[in-house]
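Subject: Structure handover

Hello,

I am passing on the structure we spoke about. Please look through it first; my notes follow below.

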Amino acid sequence: MNNDVNPPEIFDRRRRHALRARGAGRAGDHFLWHHIAQDMAERLSAVTRTFEHALILGPIGRWQGEILPPNVTCTLAPLRDAAAEAKAGAGAADDAPVALEEDRLPFTPGSFDLVISAGTLDSVNDLPGALIQIRRLLRPDGLFLGHMFGAGTLGTLKAMLLEADADRVTPHIHPQIDLRSAADLIVRAGFTLPVADQDISTVRYGNWRSIISDIRDAGVGNALAGPRNYLGKAMPARLDHAFAARADAQGKVTESFAHIYLSGWAPSENQPRPAKRGSGQVSLADILSKDPAG
């Protein structure tokens, strides 16, 4: 079948669900999600219009109170396997959030005037299709706010893992999209007034195990499909050596997280539109040819 119709499964959906569920059950401070939630809230506060019904995709839904204005009806979709969690003893209440994925959204088109997706789009199998589905869920002039971890994220950890792997290189962290590619995708998905920008946050760590712990807290580990290689008993010692080689005078290294933010509006007749070509009343050539001295 044509890959445009049925994209390859780059990410293992079960692993993806398991990572989200593990992150939700951990007791870390989840500082990455707090950072994203605060940034989302700030961006949303700059929008002058009001919203009635929002859909929040991903673990960021736990911070809906920090993001959404009061009196906004909200549907949460945490992207976790609710059935598997129920079998594990978590149970499922009647008002439990919906479990799904961004490229398999079951909602009726035009159901929401605001869709927020944060921290998960970087590992969805069909990213172009997911963005198109999100746009279709929006009512005319509805807003999409998205976040993904972009290229450059965990660059220090990647370098240490590559060094520690020695002659047997194993993918530990999936590839990430860059800002330009993300901007192209939001345009291709059919959003109007599209915006893509990037924010880099840095964190200093005293050991590589703390980096791994924060990744697990966020539920954003490696979800690539395919078998996992045995790393060997010597891997931690090699990582200790790689970390020590990069540590500063205080015994710490700096790790980076690249946050790509996307926004766009569902097309609507009442949105601003560029003027038609040739409709201008003043010639730019005439302005530029005028003598500045008068």
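A residue counts as buried when its relative accessible area is under 20%, as exposed when it is over 50%, and as partly exposed in between. By that cut-off, 42% of the 294 residues of the protein are buried. Please keep in mind that this is a predicted model.

Overall picture

The average pLDDT of the protein is 82, and 80% of the residues score at least 70. Residues 82–95 have a pLDDT below 50, and in the model this stretch has six contacts beyond near neighbours in sequence. The protein contains ten helices and six strands. Among contacts with a separation of 6 or more, 80% are between residues 24 or more positions apart. The accessible surface is about 15800 Å², and carbon and sulfur atoms hold 53% of that surface.

Salt bridges

The count of salt bridges is nine. Two of them involve Arg43 and are described here, followed by one between Asp113 and Arg49.

Arg43 forms a salt bridge with Asp39, with 2.9 Å between the closest N and O atoms. Both residues belong to helix H2 (residues 31–45), where they sit four residues apart, about one turn of the helix. Asp39 has a relative accessible area of 14% and is therefore buried, while Arg43, at 24%, is partly exposed.

Arg43 also meets the side chain of Asp197 in a salt bridge, at 2.8 Å from N to O. Arg43 is in helix H2 and Asp197 is in strand S5 (residues 192–205), so this pair ties together parts that lie 154 residues apart in sequence. Asp197 is partly exposed, with a relative accessibility of 25%.

The salt bridge between Asp113 and Arg49 has an N to O distance of 4.0 Å. This pair, too, links distant parts of the chain: Asp113 is in strand S3 (residues 112–118), and Arg49 is in the loop between H2 and strand S1 (53–57), 64 residues away. Asp113 is buried at 4% relative accessible area, whereas Arg49 is partly exposed at 29%. Both residues are part of a network of salt bridges that also takes in Glu52, Arg139 and Asp141.

Strand S1 and its partners

How many of the five residues of S1 are buried? Four are, so the strand is largely enclosed by the rest of the structure. S1 pairs in the parallel sense with strand S2 (residues 73–77), over five bridges. S1 also runs parallel to S3, and four bridges join these two strands. Leu57 shows both pairings: its bridge partner in S2 is Ala77, and in S3 it stands opposite Ser117.

Helix H8

Helix H8 covers residues 208–218, and its buried residues are Trp208, Ile211, Asp214, Ile215, Asp217 and Ala218. These buried residues pack against helix H1 (13–25), H2, helix H6 (155–165), S5, helix H9 (235–246) and strand S6 (253–265). H2 and S5, listed among these packing partners, are also the two elements tied by the salt bridge between Arg43 and Asp197.

At the N-terminal end, H8 is capped by Asn207, which has a side-chain oxygen 3.1 Å from the backbone nitrogen of Arg209. After the helix comes Gly219, with a positive phi near 70°.

The loop after H8

Ala223 lies in the loop between H8 and H9. Is this residue buried or exposed? Ala223 has a relative accessible area of 1%, so it counts as buried. Leaving aside residues up to four places away in sequence, Ala223 touches Phe11, Asp12, Arg15, Arg16, Leu19, His174 and Arg228. Of these, Arg16 is 207 residues from Ala223 along the chain, yet their C-alpha atoms are separated by 5.3 Å.

Where to start looking

For a first pass through the model, I would take the salt bridges of Arg43 with Asp39 and with Asp197, then the parallel pairing of S1 with S2 and with S3, and then the buried residues of H8 with the elements they pack against. When viewing residues 82–95, bear in mind that their pLDDT is below 50.

Regards

Notes
Residues numbered from 1 in each chain as written. Heavy atoms only, no water. pLDDT = per-residue confidence, 0-100. Contact = heavy atoms within 4.5 Å. Buried < 20%, exposed > 50% of the residue type's maximum accessible area, 1.4 Å probe, protein only. Polar contact = N/O pair within 3.5 Å; in protein donor to acceptor, adjacent residues only side chain to side chain. Pairing = 2+ DSSP bridges. Areas by Shrake-Rupley, 256 points an atom, 1.4 Å probe, with all protein chains shown as cover.
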